Amino acid sequence: MSNLAVLTSGGDAPGMNAAVRAVVRKALSEGLEVFGVQRGYAGVIDGDFIKLNSSSVSDVIGQGGTFLRSARCDEFRTPAGRKKAAEKLRSKGIENLVVIGGDGSFTGAKLLSEETGINTIGVPATIDNDIACTHDSIGYDTALNTIIDAISKIRDTASSHERAFVIETMGRHAGFLALAAGLAGGAESILVPERKTDVDEVCQTIQKDYEEGKIHSIILVAEGVELEGQRFETNREMNESPAFALSKEISDRTEFEARVTILGHIQRGGAPTGRDRLLASRLGAAAVDRLLAGESNVMVGLVNSQVQASPIKDAIEQEKELDMDLYELSTILS
Ligand code: ADP
């Protein structure tokens, strides 16, 4: 093995740059040549490769986003697109590819490896933290801290005006981010997609809190939550975001006037936290180790605080379960 390529793909996450840096510097330290692919799989198909040296990754450890840029690429979803991608890599003499991204990107990496023989290693980076075979994904801790910071700022207004605030976080299918941020941020209620949300129950709890003297209420809602209730069509049928639908109900049915804040893409940006930089550095270097050991089609992750490689198939197919004990704890402590 004399070289490798590295790319970032799918939704960006803080710490992707730190992971690229680790891949580059570890590979150089092993005497390998390193190519960066710009714009994810679209860049592989276009042959958009740049040679990276140590100074190419100077000062990127603390930068959010990804200097290699990311993209979504429909052509790569087809066997013909992946064949073209392998041909472009081989035209540069490249047989090894590190893919930093989420489960969509890993599905692509798995198929590329199986169909063309290109060696692929996945490095999990997504703020949703919904990838199995790793306790944490790169970017999750930064997003968590961004939300906690937002909660504390919004709480100032909520208390001053004695209001309820419904804060919507990212998480179309997974509530890891909402649950952890809600617990750490002291939210009164946390709504996650993994658990049915009865609007009647939520309103009753909020009203009870009001009667017991709470002067504000923070309700954290993951964007993929489905609302149900006695006099409530599901929010999806109403074609409405759960945050706005819930806010209307709270204003109608409790003493609190409710407001909505959609945190949106601020959750994706910003300088990575120390934890994310460490994770990215460890996993990026481990990806190079796995390639040097002759492995392919695996993902490196953190299991019981140790770096561990797992078949990429398991990372994609296994369901990562929300910690329901943590959920119960959040209801006790709120
Ligand atoms: P993420 O990696 O963050 O989950 P996406 O799901 O958007 O992001 O996937 C990123 C890219 O990975 C897609 O644009 C596509 O090129 C590739 N990809 C996703 N799903 C598949 C699939 N089922 N087969 C092949 N390639 C895929």
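In the predicted model examined here, Phe165 stands opposite Ile218 in strand S9. This pairing belongs to a longer register, in which strand S6, comprising residues 164–169, and S9 run in the parallel sense and are joined over six bridges. A further parallel pairing, over three bridges, links S9 to strand S7, which spans residues 189–191, and within it Leu191 has Val221 of S9 as its bridge partner.

Strand S9 itself, formed by residues 217–222, is mostly covered, with six of its six residues classed as buried. The cover extends to both faces of the strand: Ser217, Ile219 and Val221 are buried on one side, and Ile218, Leu220 and Ala222 are buried on the other. The two residues of S9 named above as bridge partners thus fall on opposite sides of the strand, Ile218 being listed with one face and Val221 with the other.

A comparable analysis was made for helix H6, which covers residues 176–185; eight of its 10 residues are buried, and the helix is therefore largely enclosed by the rest of the structure. The buried positions are Phe176, Leu177, Ala178, Leu179, Ala180, Ala181, Gly182 and Gly185. In an α-helix there are 3.6 residues a turn, so residues three or four places apart point the same way. In H6, the buried set includes the uninterrupted run from Phe176 to Gly182. The elements that cover the buried residues of H6 include the strands S6, S7 and S9, together with helix H5 (140–161) and helix H11 (324–333). After H6 comes Gly186, a residue whose phi is positive, near 70°.

At the level of the whole protein, the secondary structure amounts to 11 helices and 13 strands. The radius of gyration is 22 Å, close to the 20 Å that the globule rule gives for 334 residues, so the protein is as compact as a globular protein of that length. The C-alpha trace spans about 70 × 35 × 30 Å along its principal axes. Of the 334 residues, 53% are buried, and among the contacts between residues at least 6 apart in sequence, 73% join residues that are at least 24 apart.

The accessible surface of the protein was computed to be about 14,300 Å², with 45% of this area belonging to carbon and sulfur atoms. The side chains include 35 that count as positive and 49 that count as negative, and the centres of these two sets lie 8 Å apart.

Technical notes. Residues numbered from 1 in each chain as written. Predicted model: local features only at pLDDT ≥ 70, side-chain atom pairs only at ≥ 80, totals over all residues. Heavy atoms only, no water. Helix = DSSP H or I, 4+ residues; strand = E, 2+ residues; numbered from the N terminus. Rg over C-alpha atoms; globule rule 2.2 N^0.38 Å. Buried < 20%, exposed > 50% of the residue type's maximum accessible area, 1.4 Å probe, protein only. Contact = heavy atoms within 4.5 Å. Areas by Shrake-Rupley, 256 points an atom, 1.4 Å probe, with all protein chains shown as cover. Lys, Arg positive; Asp, Glu negative; His and termini not counted. Charge placed at Lys NZ, Arg CZ, Asp CG, Glu CD. Pairing = 2+ DSSP bridges.
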